Amino acid sequence: MSIRPIDVMAIPLKSTHFFIFLLLLSNIFTPIISFGLTIEQEREEFYEELLLRPLPDRKVLAHFHFQSTAPSSNSNGRHHHLFPKAISQLVQKFQIKEMELSFTQGRWNYELWGGFDPISSSNAKPPGVELWAVFDVPQDQVDASWKNLTHTLSGLFCASINFLESSTMYSAPQWSFRPATGNIRYGMLPREAVCTENLTPWLKLLPCRDKDGLSALMDRPSIYKSFYHSQRLHLTSNKSGPEGMNPGIILEQTLTVVLQPNSQRTSMTYSGEKNVQPSWSLSSIFGRKVSGRCVLAKSSNVYLQLERGLVAELKKNKNNGVGNIASEGFWSGTGFELSVRPDKVFEEENSSHRRGSSVLFEFSVDKYSDSQPFDLGLKWKFPVTWSSEPAPLHASRFLMGSGNERGAIAILLKSADLNDASLGTCSSSNGYKFRVDVFQVVPWYVKVYYHTLQLFVNGQPKAVGDVIEKIHVSPSKDKISPGVMEMVLQFPCDVKSAALTLEFDKGFLHIDEYPPDANQGFDIPSAAISFPNFYTSLLFPGNCSVDKSPMLSKFQEKNPVLSYTEVLLVPLTTPDFSMPYNVITITCTVFALYFGSLLNVLRRRVDEEERLLKSKAGKTAPLSGLLSKLSAKLRGRPQETPQSPSNSSSLISSKLLLKVFLVAVLAVAWQYYFG
């Protein structure tokens, strides 16, 4: 059988058009299908996780961690399925390499809640608003990009971040704040109030918002009545990520809350015992349960962490049974019991800490639903006392001096229990020293004299050159830029305490520059104290689930220990704001008297008054005549003749002229002396 070739010219015209249409469709949809196959490998992902940790002072730490990833814009254009479009536009418009924004209410207690773990170093933020960003633009365009970014974030999160656009409110750290190099800008608003208007836009960036998944636990009254809460947004573009990271954008949203559970006692009662930890559950501290994961989340897990000190105390119990998981729960015979059986148990690798290892319990939320919600509860069996691991040096800051003219800023560093920390790199015998980095920003109206810097180590004064290895100072300029101080301090390893002081003068502000509550004082932002020789990392054995968890992967990164000091409140000389009110009041009173009298004189009609007087005199003439005669006879005097209306009118006109003259004299005198 022979196959005859097709003659295209012999095909009808309609069939030819249909054939050409099929060829065009194949050319269009073939690259789209191949594009879809390539983007399948780089699709957007969303993770949600929650970490719970009992604290030594009868409180509970809840740390929410949400991560959204998006491939590079060249892969899927400007369309996103899970990643918030507003954040993607923010990165593309302002060329952001890395950015972090935090809203914090309260202050992290480094002594009781710990200062040597990833949460206290990366998620414990200073009060108010903190914003820093690294831009991938030329140096002369950084300030303009920063100002536009502050206005955009102010509208996006319903906050006063636009106040950071002023050059007096932000600075450019060189090397002490973050190791990232580039065009960085840093600003802080210590007095910014944090409320639900800031949390709602933050939740709208999540795919499920607060309607489903772990974010449904964020009950507003429970969060805002807590002792400390900080919502944080960290953005990383593909150019600033670590090596080996896929190109794209990574958005991390964290909410750290310290809650006080209800004083629910265990079945055992201890009269007069103050160390009994209260039992708690998710429904008791948040008022809600988890009815399943967010359907758009790739994974949804809840973790319960026991600190190193708590694990060490539990191991001291005679009936410990560590590592045994019973049918009723886990750790049968220890000091607590969980209401839900954990899916996995991880123990930290004890590589550098001598206090022991922390334990992590993982609970997967995928298997729970509305009919069977997830409600993790912890019940204590006997009193347990432990302490969280503090930072190598506890940093505090305070003011010295009195009066409204001069003062001094003091930073005090007190030694913690360094024997339990990783001091392998610090030993006086082999010549190593204890390094501390200090970063401090001071407003322009606090005029710091940096040449007055004094250092004290273990109560003894030291020369500046013996302790300071590196320093960078940018003095403040009136109404132009704040003062910035960056220092690298080298202390001996056996340091017990250290202090540094700086003297300053208090400036004077224009009356328009004072806030409405000027008598409350002015805030100096928190100082950042970092310890580059000490790292916060939780190392767990190699496990597939640990590697897939963004939060645990973040915890395993080696980040230096970082802590923030208190916000200082400086009272400045304030004018008497009642004086303008007094001046306005007396001025308005004088003007009212002047113009009132003047208008009264100008609007009065003399002819009408004369006619009224004549008419009244004509009506009352007989009666007045009889009364005058009677009074004259009684007094024995002759009768007085009444005055004519012309005489009375002349008298009235003279009085009016006198009034006008006096008012004019007063006006001229006021204008001469006070005008």
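What follows is a walk through the pockets, salt bridges and a few local features of this predicted model.

Start with the open space. The second largest pocket holds about 800 Å³, and its lining takes in 27 residues. Nearest the centre of this pocket sit Phe163, Met169, Leu189, Tyr445 and Phe522. Three strands each supply at least two lining residues: S6 (183-189), S17 (434-442) and S23 (522-524). Of these, S6 gives the largest share, with four residues. Sorted by class, the lining of the second largest pocket comes out as 18 nonpolar, five polar and four charged residues.

Closed-off space turns up too, with six cavities of 30 Å³ or more found in a search of the whole structure. The largest cavity has a volume of about 130 Å³. It is lined by 14 residues, and Asp117, Gln305, Glu307, Arg308 and Glu389 are the ones closest to its centre. Here the class split reads three nonpolar, five polar and six charged.

On to charge pairing. Side chains of opposite charge can pair when their charged atoms come close. In this model the count of salt bridges comes to 24. One of them joins Arg232 and Glu100, with an N to O distance of 3.2 Å. Arg232 belongs to strand S7 (residues 228-236) and Glu100 to strand S3 (residues 96-105), so this bridge ties together parts of the chain that are 132 residues apart in sequence. Both Arg232 and Glu100 are buried. The pair also belongs to a wider arrangement, since Glu100, Lys125, Glu130 and Arg232 are linked in a network of salt bridges.

Another bridge pairs Arg191 with Asp523, and here the closest N and O atoms are 2.8 Å apart. This one also links distant parts of the chain, 332 residues apart: Arg191 is in the loop between S6 and helix H6 (196-204), while Asp523 is in strand S23. Strands S6 and S23 are already familiar from the lining of the second largest pocket. The two partners fall into separate burial classes. Arg191, with a relative accessible area of 33%, is partly exposed, whereas Asp523 is buried because its value of 19% falls under the 20% cut-off. A further bridge connects Glu557 and Lys554, its closest N and O atoms being 3.9 Å apart. Glu557 is partly exposed at 33% relative accessibility, and Lys554 is partly exposed at 27%.

Some backbone details round out the picture. Arg58 is not a glycine, yet has a positive phi of about 65°. Arg58 lies in the loop between strand S1 (45-54) and strand S2 (60-71), and its relative accessibility of 21% makes it partly exposed. Asn458 is another non-glycine with a positive phi, in this case about 55°. Its place is the loop between strand S18 (446-457) and strand S19 (460-462), where Asn458 is partly exposed at 37%. Ser171, in strand S5 (residues 170-171), is buried at 5% relative accessibility. The C-alpha atom of Ser171 is 5.3 Å from that of Tyr186, although the two are 15 residues apart along the chain.

Finally, the surface carries a nonpolar patch of about 400 Å², made by Leu658, Phe661, Leu662 and Val665. Of these, Val665 is placed in helix H16 (residues 645-674), and at 41% relative accessibility Val665 counts as partly exposed.

Terms used. Residues are numbered from 1 along each chain as its sequence is written. This is a predicted model: local features need pLDDT of at least 70, side-chain atom pairs count only at pLDDT 80 or more; totals for chains, interfaces and linings use all residues. Side-chain values use heavy atoms; hydrogens and water are left out. On a 1 Å grid over the protein atoms alone, a cavity is a set of points where a 1.4 Å probe fits but cannot get out, and a pocket is an open set with protein on both sides within 12 Å along at least five of seven lines; lining residues have an atom within 4 Å of a point. Grid points are joined across faces, edges and corners, and a volume is the space filled by probe spheres set on the points. Ala, Val, Leu, Ile, Met, Phe, Trp, Tyr, Cys and Pro count as nonpolar, Asp, Glu, Lys and Arg as charged, and the others, Gly among them, as polar. Patches are made of residues with over 30% relative accessible area and no salt bridge: like charges are joined within 9 Å, nonpolar side chains (Val, Leu, Ile, Met, Phe, Trp, Tyr) within 5 Å. Accessible areas come from the Shrake-Rupley method with a 1.4 Å probe; for residues, only the protein chains shown count as cover. A salt bridge is a side-chain nitrogen of Lys or Arg within 4 Å of a carboxyl oxygen of Asp or Glu. Buried means under 20% relative accessible area, exposed over 50%, partly exposed in between (1.4 Å probe, protein chains only).
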